[in-house]
Amino acid sequence: MKDGYYLYDTHTHIGHARHSGRRQTAEQLLREMDRFGVDKSMAIPFPVVDDYRAQHNEIAAAIARYPGRLAGAACINPFIPEADYRDEVRRCREEFGFRALKFQPQYQGVSALWTQSNFIFETALENGMALIAHTGSGIPHALPSVFMFAARRYPDLKIVLAHCGGGGLLLPDAIVAASFCPNIYLDLSTLMPNHVLEVLQHIPASRLMAGSDLLENTDVELLKILLLDLPAEQKRQILSETAQAVFGSE
Ligand SMILES: [Zn+2]
């Protein structure tokens, strides 16, 4: 809790990133959450890893070690055999109770426009998971609007566009996508406070959520929402209620 608000950070990572060399443990994440007052975090594997099963196991072990503090997401290279991809997502759901599937087009090299990516969205839907899609760096595959096609094809799937287009440049594209697709949600990480106000002119707070992405961003990303001059109801939605509606509150 911070300033009377329950805080759900919808974008954090546990594991080892092959592409950036970053290593982040559950203990480091929990220490940062406790320092700032974050109640719960969505823990996502990094997109390029040595062993995706081991990364999922590490997140599952952390969820068990810190009851109520973490939710889990699966993230898998989509170019492994499709059956293996589907089996691993099902394992994450059935054995570990993961609530989301992450798709990272910048490093996973496939466009949501291509039929070859349909199974990613279908796998999330079949497992009752939300799909978190990275947007911003890595365009054109990471362009927010390419996800409008999947959002229309799978109207029961909740799609969270992480980073809202990755800053101001693609923000209009993210706003258009969410405006036309009611099952598209926006994670406000990387935006400036004025951008958040701009989003709110078009998209209700019931479809917006906060995320830090990396440990060193926690203060800036969460204070940016806490300090804005917004009605308490909107802050509650952005800081926890939208995430609980999308990922579950248990
Ligand atoms: Zn991230």
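1. Contacts of A73. In this predicted model, and with neighbours within four places in sequence set aside, A73 touches M42, A43, I44, F98, A100, L101, K102 and I132. Three of these partners, M42, A43 and I44, belong to strand β4, which covers residues 40-44. A73 itself falls within strand β5, residues 70-75.

2. The nonpolar core. A73 is also among the residues with the most contacts inside the largest nonpolar core, a group that further includes A43, L131, F147, I159, L161 and L188. That core has 74 residues. In soluble globular proteins, nonpolar side chains tend to be buried together.

3. Burial of β4. How many of the five residues of β4 are buried? The count is five of five, and the strand is mostly covered. In a regular strand the side chains alternate between the two faces of the sheet. In β4, K40, M42 and I44 lie on one side, S41 and A43 lie on the other, and all of them are buried, which leaves both faces covered. The buried set on the first side thus includes a lysine, K40.

4. Pairing on either strand partner. β4 runs parallel to strand β1 (residues 8-13), with four bridges joining the two. Within this pairing, D9 has S41 as its bridge partner in β4. β4 also runs parallel to β5, here through three bridges. M42 finds its bridge partner in β5 at A71.

5. The connection from β4 to β5. Helix α2, residues 52-65, stands with these two strands in a β-α-β unit. The handedness of this unit is right-handed.

6. Burial of β1. Why can β1 be described as largely enclosed by the rest of the structure? Six of its six residues are buried, so the description follows from the burial count.

7. The whole chain. Ten helices and ten strands make up the secondary structure elements of the protein chain. Buried residues account for 48% of its 250 residues. Of the contacts between residues at least 6 apart in sequence, 75% join residues at least 24 apart.

8. Overall dimensions. The C-alpha trace spans about 50 × 40 × 30 Å along its principal axes. A compact globule with 250 residues would have a radius of gyration near 18 Å, and the 16 Å of the protein chain agrees with this.

Notes:
Residues are numbered from 1 along each chain as its sequence is written. This is a predicted model: local features need pLDDT of at least 70, side-chain atom pairs count only at pLDDT 80 or more; totals for chains, interfaces and linings use all residues. A nonpolar core is a set of buried Ala, Val, Leu, Ile, Met, Phe, Trp, Tyr and Cys residues joined through C-beta atoms within 7 Å. A residue is buried if 20 or more other C-beta atoms lie within 10 Å of its own, exposed if 12 or fewer, and partly exposed in between; C-beta atoms are placed from the backbone. Two residues are in contact if their C-beta atoms, placed from the backbone, lie within 7 Å. The radius of gyration is taken over C-alpha atoms; the globule rule is 2.2 Å times the number of residues to the power 0.38. Two strands pair if DSSP finds at least two bridges between them. A crossover is right-handed if, with the strands pointing away from the viewer, the path from the first strand over the helix to the second runs clockwise.
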